[in-house]
Amino acid sequence: TAALRQTFAVSVAEVDHQDLWQRAAIAVAAVGPDQHQLRRVMQAVAKRVDAWAEVEVIDHDLQVWWPEDE
C-alpha cells in the first residue's frame, strides 16, 4: 500500500479480510480534475499491482463518482 501511495499520490486502505493470512482486499481512491485523468491513474495503479510477482489479483472493480452538471 505504501508503494502505491508514494508512486501515484492516491489513498490506499485494506478494507476486508484483515483476519486472514496472505489475503487482502485493497481499496484505492483518488481525486482529480476530470474522469479521463482519474481513469488513467487507476489503470496505472492496476497495471502496477498486476506486475508484482508476489500478488495474485482475483478481481478488481473501477467505480468513478462524478457530480452531475447542474
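How much space lies in the largest pocket? About 1300 Å³, and we will get there after a short walk through the chain.

**Before you click.** You are looking at a predicted model, where local features need pLDDT of at least 70 and side-chain atom pairs count only at pLDDT 80 or more, while totals for chains, interfaces and linings use all residues. Residues are numbered from 1 along each chain as its sequence is written, and side-chain values use heavy atoms, with hydrogens and water left out.

**Show the whole chain as a cartoon.** Two helices and two strands appear, in the order α-β-β-α along the sequence. Helices here are DSSP runs of H or I with at least four residues, strands are runs of E with at least two, and both are numbered from the N terminus. The C-alpha atoms fill a box of roughly 45 × 20 × 20 Å along the principal axes. Of the 70 residues, 13% are buried, meaning under 20% relative accessible area with a 1.4 Å probe and protein chains only.

**Select Leu-4, Val-10, Val-12, Val-41, Val-45 and Val-49.** These six residues form the largest nonpolar core, a set of buried Ala, Val, Leu, Ile, Met, Phe, Trp, Tyr and Cys residues joined through side-chain atoms within 4.5 Å. Helix α2 gives this core its largest share, three residues.

**Zoom in on Val-12.** Is Val-12 buried or exposed? Val-12 counts as buried because its relative accessible area is 9%. This residue lies in strand β1. Leaving out residues up to four places away in sequence, Val-12 touches Thr-1, Leu-4, Arg-5, Ile-26, Ala-27 and Val-28; a contact means heavy atoms within 4.5 Å. For a distance label, try Ala-2: Val-12 and Ala-2 are 10 residues apart in sequence and 7.9 Å apart C-alpha to C-alpha.

**Move to Val-45.** With the same sequence neighbours left out, Val-45 touches Leu-4, Phe-8 and Val-28.

**Finish at the largest pocket.** Select Ile-26, Ala-27, Val-28, Asp-59 and His-60, the closest to its centre of the 37 lining residues. A pocket is an open set of points on a 1 Å grid over the protein atoms alone, where a 1.4 Å probe fits, with protein on both sides within 12 Å along at least five of seven lines; lining residues have an atom within 4 Å of a point. Now colour β1 (11–16), β2 (25–29) and α2 (35–51), each of which supplies at least two lining residues. The largest share, seven residues, comes from α2.

Note on methods. Points joined across faces, edges and corners; volume = space filled by probe spheres on them. Buried < 20%, exposed > 50% of the residue type's maximum accessible area, 1.4 Å probe, protein only.
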